[in-house]
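Visitor: I would like to go through some of the terms used for this model and see what each one rests on. Where shall we start?

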Amino acid sequence: MNAHDKFTHALRALPLVGILRGVSPHEALPIGEALTGVGWTLIEVPLNSPQPLQSIEAMASAFPDALVGAGTVLSPHDVRNVHAAGGRLVVAPNFNTAVIQEAVRLGMVCLPGVMTATEAFAALDAGATGLKLFPCEMITPAVVKALRAVLGADTMLLPVGGITPENMGAYRAAGASGFGIGSALYQPGMAALSVRENAMNFIAAYEGTIRA
């Protein structure tokens, strides 16, 4: 499967992106195993983590069925570095046309950060695969509902920032397609077993939103 096929499959199975901010290369494989072992196949290593490209390379090689890549991608140069390391997922906190276009050129999945309808439509016009709604501490479910009303029904909306098992239901009801999960899933130095437990809690919460 190419990157976009993996992304489509993940969205159908479990549309949760594991954000491993601060993970070190020596932790990458145990943490990656903890996530992929319970069905998480979208994994992001922010580029402000220690030696992030090493972690991306290790996980992309070890977990070929997962879509592994980087977050906090701020320039086309960053995109090329992630691609060279084997990453095929580009996530950004902001909307940057050049970043999106470089990711598209390289066949990567790109999720730029947006807050407004203007940014959302501009990002999609530039070729974004989906939209990271960030930071969600400032984007309520009501805002997600308003964006969903004007965006195409097939537009992927993934709230990120402050997402917990307790508030996922409200965002899903408003039209969220999935979520990016950061510190509530993983924090630097956390044991792989703890990450697995957190991952299972989020799976249960997400499945609850489907039943609801």
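Guide: This is a predicted model. A starting point is strand β2, residues 42-46, where five of the five residues are buried, so the strand is largely enclosed by the rest of the structure.

Visitor: How do you know which residues cover the two faces of β2?

Guide: In a regular strand the side chains alternate between the two faces of the sheet. On one side of β2 are L42, E44 and P46, on the other I43 and V45, and all are buried.

Visitor: What makes β1 and β2 a pair?

Guide: Pairing requires at least two bridges. Strand β1, residues 16-19, has three bridges to β2, in the parallel sense, so the condition is met. V17 stands opposite L42 of β2.

Visitor: What joins β2 to β3?

Guide: Five bridges, and the two strands run parallel. E44 has G69 of β3 as its bridge partner.

Visitor: Which helices belong to the β-α-β units?

Guide: Helix α2, residues 25-36, forms a right-handed unit with β1 and β2. Helix α3, residues 52-62, does so with β2 and β3.

Visitor: Why is T72 called buried?

Guide: Its relative accessible area is 17%, and the cut-off is under 20%, so T72 counts as buried. T72 lies in the loop between β3 (67-71) and α4 (76-84).

Visitor: What makes the link between T72 and R21 a polar contact?

Guide: The side chains are joined at 3.2 Å, and the limit is within 3.5 Å. Beyond its sequence neighbours within four places, T72 is also in contact with residues including E44 and P46.

Methods
Residues numbered from 1 in each chain as written. Predicted model: local features only at pLDDT ≥ 70, side-chain atom pairs only at ≥ 80, totals over all residues. Heavy atoms only, no water. Helix = DSSP H or I, 4+ residues; strand = E, 2+ residues; numbered from the N terminus. Buried < 20%, exposed > 50% of the residue type's maximum accessible area, 1.4 Å probe, protein only. Polar contact = N/O pair within 3.5 Å; in protein donor to acceptor, adjacent residues only side chain to side chain. Contact = heavy atoms within 4.5 Å. Right-handed = clockwise from strand over helix to strand, strands pointing away.
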